[in-house]
Amino acid sequence: MNVAKSGYHVFCANSTPAFSRDQLLKTRVEIKESVRGQTIFIIQTIPRDVNTAIMELLIMAYALKTSCAKNIIGVIPYFPYSKQCKMRKRGSIVCKLLASMLAKAGLTHIITMDLHQKEIQGFFTFPVDNLRASPFLLQYIQEEDHKEHLCLSSLSCRCLFRAQSYAERLRLGLAVMHGEAQCSESDMADGRHSPPCVRNTFGHPGLELPLMMAKEKPPITVVGDVGGRIAIIVDDIIDDVEDFVATAEILKERGAYKIYVMATHGLLSADAPRLIEESAIDEVVVTNTVPHEVQKLQCPKIKTVDVSMILAEAIRRIHNGESMAYLFRNITVDD
């Protein structure tokens, strides 16, 4: 039996009159109506100023907690710091820290979309609904005029399973990019330059560890046929676009006559719009989980797919106590 809750409110964290800032730009929140015993949904999109958005969410959640709200549910379409979910050299797992801060502030549930790694859900001590944008992106591909000439491509082996899932669903070919750009994100994580390629003479006199050889970067190559096809590069996040631009150049050399880039979250930082406009990429398709209106004005190649419908349905189902399984129909673990 579906049991409806007694009442709920929806707040928009970074556009509500409850927020104010003093002369030192410190955030202040005042809840201007009673929320006692209510279920509260806080919708927080992540603009350019990520840290400010996080503080707004934390302060608002804590204000609602101290105002005796029954449940506080964060609707965060793009979860920030999701790429910092692994230990890197002497760094820290910031994503786990953020999960702990949200729980301490009073959140009891989170609705998000396409976490960078699905294992991030294990950082939380409360339920996380990780929705998928794949049905909307697949629909966009299906509406392409020359569907018989399409070919899915992965930027790296990390994205291979996502590309393979899309290709199998659409009955399309698959091409895999093997190798790395000369300056890739994995350099920061895999210890390629640590330890150095010399024996440590400062260790214990009786201890001699095996010499660690540096990992070599193979050049980027294409495994699969893209000649005369529309190549679609799939990923979950588009932030710095240098790797996408380099991949597009290689696909173009291999005969692809159109190149699309498709991802859930379009962060498009720094000079991304200009680099896309000047590159061999014909179209960049992202959802509206992150605001990117300015980037679209700078680069007409950027297209937007609306996913607000599934977020609204998730809010409705949670409020009414209905199952969320309907939103994951035909979703595979690799999407």
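1. A residue is called buried here when its relative accessible area is under 20%. By that cut-off, buried residues account for 46% of the 335 residues in the protein. The model is a predicted one, and the points below should be taken in that light.

2. Confidence comes next. The mean pLDDT of the protein is 86, and 86% of the residues score at least 70. Among the elements, strand β6 (residues 109-113) has the highest mean pLDDT, 97, and strand β2 (residues 19-21) the lowest, 65. Where pLDDT is low, the predicted coordinates should not be read in detail.

3. On overall content, the protein has 8 helices and 16 strands. Of the contacts between residues at least 6 apart in sequence, 68% join residues at least 24 apart.

4. One sheet is open and has 5 strands, paired in parallel in the order β1-β4-β5-β6-β7. Its edges are β1 (8-12) and β7 (128-131); each has a single partner strand, so one side of each has no neighbour in the sheet. From one strand to the next, the twist averages 15°. Within this sheet, β5 and β6 run parallel and are joined by 4 bridges. I73 has H109 in β6 as its bridge partner.

5. A helix is placed against these strands. Helix α8 (residues 308-320) lies across β1, β4, β5, β6 and β7. Relative to β6, α8 runs at about 160°.

6. Which residues touch the most other members of the largest nonpolar core? They are I42, L64, F79, L102, I110 and F124, out of 37 residues in that core. At least two residues of this core come from each of β4 (39-43), α1, β5 (71-76) and α2 (94-105). The most is given by α1, with 8 residues.

7. L102 shows how one member of that core is surrounded. Setting aside neighbours within four places in sequence, L102 is in contact with L57, L58, F79, L107, I110, F124 and F126. There is also a second, separate core of 33 residues, whose members include I73, A133, F136 and M262. I73 therefore appears twice in this note: as a member of the second core, and as the bridge partner of H109 in β6.8. Strand β8 (residues 150-154) is mostly covered, with 5 of its 5 residues buried. L150, L152 and S154 point one way from β8, while C151 and S153 point the other way. In a regular strand the side chains alternate between the two faces of the sheet.

9. What are the pairings of β8? With strand β11 (residues 230-234), β8 pairs in the parallel sense over 5 bridges. Opposite S154 stands V234 in β11, and the bridge partner of C151 in β11 is A231. With strand β9 (residues 173-178), β8 also pairs in the parallel sense, over 4 bridges. Here L152 has L174 in β9 as its bridge partner.

10. Is β11 enclosed or open to the outside? Because 5 of the 5 residues of β11 are buried, the strand is largely enclosed by the rest of the structure. I230, I232 and V234 point one way from β11, and A231 and I233 the other way. Strand β13 (residues 258-262) pairs with β11 in the parallel sense over 5 bridges. V234 stands opposite M262 in β13, and M262 is one of the residues of the second core.

11. Last, a single residue, T52. T52 is found in helix α1, which covers residues 50-66. Its relative accessibility is 27%, so T52 counts as partly exposed; the buried class stops under 20% and the exposed class starts over 50%. The side chain of T52 makes a polar contact of 2.6 Å with the side chain of D49. T52 and T27 are 25 residues apart along the chain, and their C-alpha atoms are separated by 8.6 Å.

Key: Residues numbered from 1 in each chain as written. Predicted model: local features only at pLDDT ≥ 70, side-chain atom pairs only at ≥ 80, totals over all residues. Heavy atoms only, no water. Buried < 20%, exposed > 50% of the residue type's maximum accessible area, 1.4 Å probe, protein only. Polar contact = N/O pair within 3.5 Å; in protein donor to acceptor, adjacent residues only side chain to side chain. pLDDT = per-residue confidence, 0-100. Core = buried A, V, L, I, M, F, W, Y, C linked by side-chain atoms within 4.5 Å. Contact = heavy atoms within 4.5 Å. Pairing = 2+ DSSP bridges. Axes fitted to C-alpha atoms, helices over the stretch in contact; angles between N-to-C directions.
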